[in-house]
Amino acid sequence: IHSGSCHCTLTHLTPYHRRQGWSKCISVPMSVATFLAPALLLVLTGQALHVAAKCPFHFDRAHVDENVGAILRAEPRRMLLTFDAAAVGKLDINAVKADLKALFVDSQESWPADFGHYGPLMIRLAWHCAGSYRLSDGRGGCDGARQRFDPERSWADNTNLDKARGLLWPIKQKYGDALSWGDLIILAGDTAIESMGGPILGFCAGRIDDVDGTASLPLGPSLDQETVAPCSVNGECEAPLGASTMSLIYVNPEGPLAVPDPEKSAPQIREVFGRMAMNDSETVALIGGGHAFGKTHGACPTGPGPNPMNQPWNPWPGTCGEGPLKGKGNNTFTSGFEGPWTTNPIRWDNEYFQNLLKYDWKVYVGPGGHHQWEPVLKEGADPEDDLPDIIMLTTDVALLTDPAYLELVKLFAANQTALDIAFSHAWYKLVTRDMGPYSRCLGSQVPPPQPFQAPLPPPPAQKPDYKAVTKAITKALRTISPALPGDQVNGKPYYGALFATLAWQCASSFRQTDYTGGCNGARIRFSPQKDWPQNVALDKVLKVLEPIKNSFSGLTYADLIVLAGSTALTDANAKSIKFCGGRSDADPNEPPVTVMPPRVFGNKLVQVKDNALVMGLTFREAVALKAMIRSPSQQRRLGYSGSWTDDPTRLTNEFFKVLLNNDWVNVTSAAGQLEMKAVGKEGVYMMPCDLALKWDPVFAAIAQEFATDFSAFHIAFASGWNKIMKADRFKGPAGNEC
């Protein structure tokens, strides 16, 4: 559709955008050649996918909604208030626990404790702070304590947790900077479990508080979330979102789409807990172990009142009851369900599992207006037996309908020790999963490294002569290898771009969102990473380097990969490339480690921006790194027709000149890859993600600067490269070995 000064194409609008009154058009400046505009739009916005949100060339425009910030802002995740690792390391955790235990049994009139104990409330607080974690991009979790800010603080699942944080404030105030909000919330959950007789594996301190909720915007509901993880049907949200329902932590406890069908709930539970890296045993242990404590709250059908976003001065005042106890105590409305799961909700045991098996369960509508389940005697039971005053939710009864879940329910009902072990390990994983490796943990109560922390053996005690290794790599750059043909430049072999690609692919799995990935460990040697399509033939590139590995005692694959890439870039005239040795290699026989590749989006503008944010790169660094020396032979192995240059031996700003000074049309390679070809020129190709730099105004401004300022480009490139190559060299929560 051509109208006025822009070309428009109809595209999918999410319900959020329709509510905002946004137009169904994607605008392109008239300076774009008319015959190129439709093709470029289809490539850059991924028309077949519904990840496009609004006019997608304008994602950096300062559109600010009253409830959300600018979309995909390029701010770093961490703008530290204060973080004193020494103070955290010296914190007397047992003293904090003593203060917490005293608080738990000191019920306050402002928010009376259920059963005279705040422990169950604190477990919910910790669970819901940590349970927002999702595996797809590492976002969420309690590191940052963003539950204090919107959007998380106003989620329906976090109703009345402002009261729990209010109860903790005197303790936070007492210990100051040595005790972050994130650490306090998790420690409160741990201590609550211990105080009621439950098992705790240990405590990993070192969470660093965020200054606002920006990093939680992609969790939703927000424009950021609609952009990177849209949900077409709330209640059936799919990965990469963590929860099935917006504003909930996992699934709807009433059942899918609030339909009380346990059989349909069970597969959704497995799917959603799997998005948070939990297996069946961990899932069942967490559900039943968590529900050993406390009760649900739904005293009346009229709800908790306005949330903090809508009424920050008096959020969730409660609508149930009258007088001084209106909205609290027995008149509390939180989830809308009403009742405990066990007969003693402040004692750790396996009664939850025994109750599931001992009774049949009948659905009814509780006082909060939601479907819940009450016990009924099984056929043949003594009719004189008393029925306990307990409930189950649809998600609880669902555990009886799935064969694998049912076997675990039986195990935990019969074996308290098995439950203790499973729950303590699953809980520690739940509250620590977003903290990254063991080396980021502080404190006196850190348990041994766990499998989910991807532990590495110590690096070799004797480091190699890195100068000699560098010399050997430099020779290998232009020495033909039987392992793999290199690029041909002026009739001679060249492996530099392949070495740089290997190093980048090894290191760029790093995510600053959950501190996972990176090249330390060199797991690019193993499945699944070596099998990713983008890593095709990189095992052969590593074989090119194998003779060097075998020539130097103490040289790890991880160090060799990074040093080879850095040496190739320095040889190609990169400035200020630094190398810091001391990496370790993962054991080939280690348990499988979950490593995720950078996400691929249909909308390439979103892809470039979101990948940069997840890695912790600034936009300047991300744009500069696009100009990394690019191997024409590797491009062909990936299915493309070639590269933008046949000479990858020099790192220059020529990439930006070629990008900006040509018109581009989308074509399909012989292997079926969508790519961009320079109009009127043979053999000049770029990828759709490259073109995103031209069509996004912020990226374009950076690219224009780099095209005209060689020094600015090299500074940004070195900054980004050095950052990613050492990003996973943790020394405590905020330190780095390099």
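**Reading a predicted model, feature by feature**

Analyst: Welcome! Let's start with a pair of helices: the axes of α18 (residues 557-571) and α25 (residues 710-726) come within 11 Å and cross at roughly 170 degrees. Keep in mind that this is a predicted model.

User: Thanks! Are α18 and α25 roughly parallel or roughly antiparallel to each other?

Analyst: An angle over 145 degrees counts as roughly antiparallel. With a crossing of roughly 170 degrees, α18 and α25 are therefore roughly antiparallel.

User: Which residues make the contact between α18 and α25?

Analyst: On the α18 side you will find Val-562, Gly-565, Ser-566 and Leu-569, and α25 brings Phe-717, Trp-721 and Met-725. Sorted by class, the residues of this contact are 5 nonpolar and 2 polar, with no charged ones.

User: Let's move on to burial. How many residues of helix α23 are buried?

Analyst: A residue counts as buried when its relative accessible area is under 20%. In α23 (residues 688-695), 8 of 8 residues are buried, so by that cut-off the helix is mostly covered. Among them are Asp-690 and Lys-694, along with Leu-691, Leu-693 and Trp-695. For the chain as a whole, 60% of the 738 residues count as buried.

User: Is Glu-705 buried or partly exposed?

Analyst: Glu-705 sits in helix α24 (residues 697-708). Its relative accessible area is 29%. The partly exposed class lies between the 20% and 50% limits, so Glu-705 is partly exposed.

User: What is Glu-705 in contact with, apart from its neighbours within four places in sequence?

Analyst: Glu-705 is in contact with Arg-620 and Ala-712. You can also find Phe-656, 49 residues away along the chain, with its C-alpha atom 9.1 Å from that of Glu-705.

User: How many contacts in the chain join residues far along the sequence, as a percentage?

Analyst: Taking contacts between residues at least 6 apart in sequence, 71% join residues at least 24 apart. The chain carrying them has 25 helices and 13 strands.

User: And what about empty space? How many cavities does a search of the whole structure find?

Analyst: Rolling a probe the size of a water molecule over the atoms shows where empty space is left. Here the search finds 6 cavities of 30 Å³ or more. The second largest holds about 120 Å³ of space. It is lined by 15 residues, and the closest to its centre are Trp-155, Leu-219, Gly-242, Ala-243 and Leu-248.

User: What classes of residue form the lining of the second largest cavity?

Analyst: That lining has 8 nonpolar, 6 polar and 1 charged residues.

Key:
Residues are numbered from 1 along each chain as its sequence is written. This is a predicted model: local features need pLDDT of at least 70, side-chain atom pairs count only at pLDDT 80 or more; totals for chains, interfaces and linings use all residues. Side-chain values use heavy atoms; hydrogens and water are left out. Axes are lines fitted to C-alpha atoms, for helices over the stretch in contact, and angles run from 0 to 180 degrees between N-to-C directions. Helices (H or I, at least four residues) and strands (E, at least two) are DSSP runs, numbered from the N terminus. Angles under 35 degrees count as roughly parallel, over 145 as roughly antiparallel, 65 to 115 as roughly perpendicular and the rest as oblique. Contact means heavy atoms within 4.5 Å. Ala, Val, Leu, Ile, Met, Phe, Trp, Tyr, Cys and Pro count as nonpolar, Asp, Glu, Lys and Arg as charged, and the others, Gly among them, as polar. Buried means under 20% relative accessible area, exposed over 50%, partly exposed in between (1.4 Å probe, protein chains only). On a 1 Å grid over the protein atoms alone, a cavity is a set of points where a 1.4 Å probe fits but cannot get out, and a pocket is an open set with protein on both sides within 12 Å along at least five of seven lines; lining residues have an atom within 4 Å of a point. Grid points are joined across faces, edges and corners, and a volume is the space filled by probe spheres set on the points.
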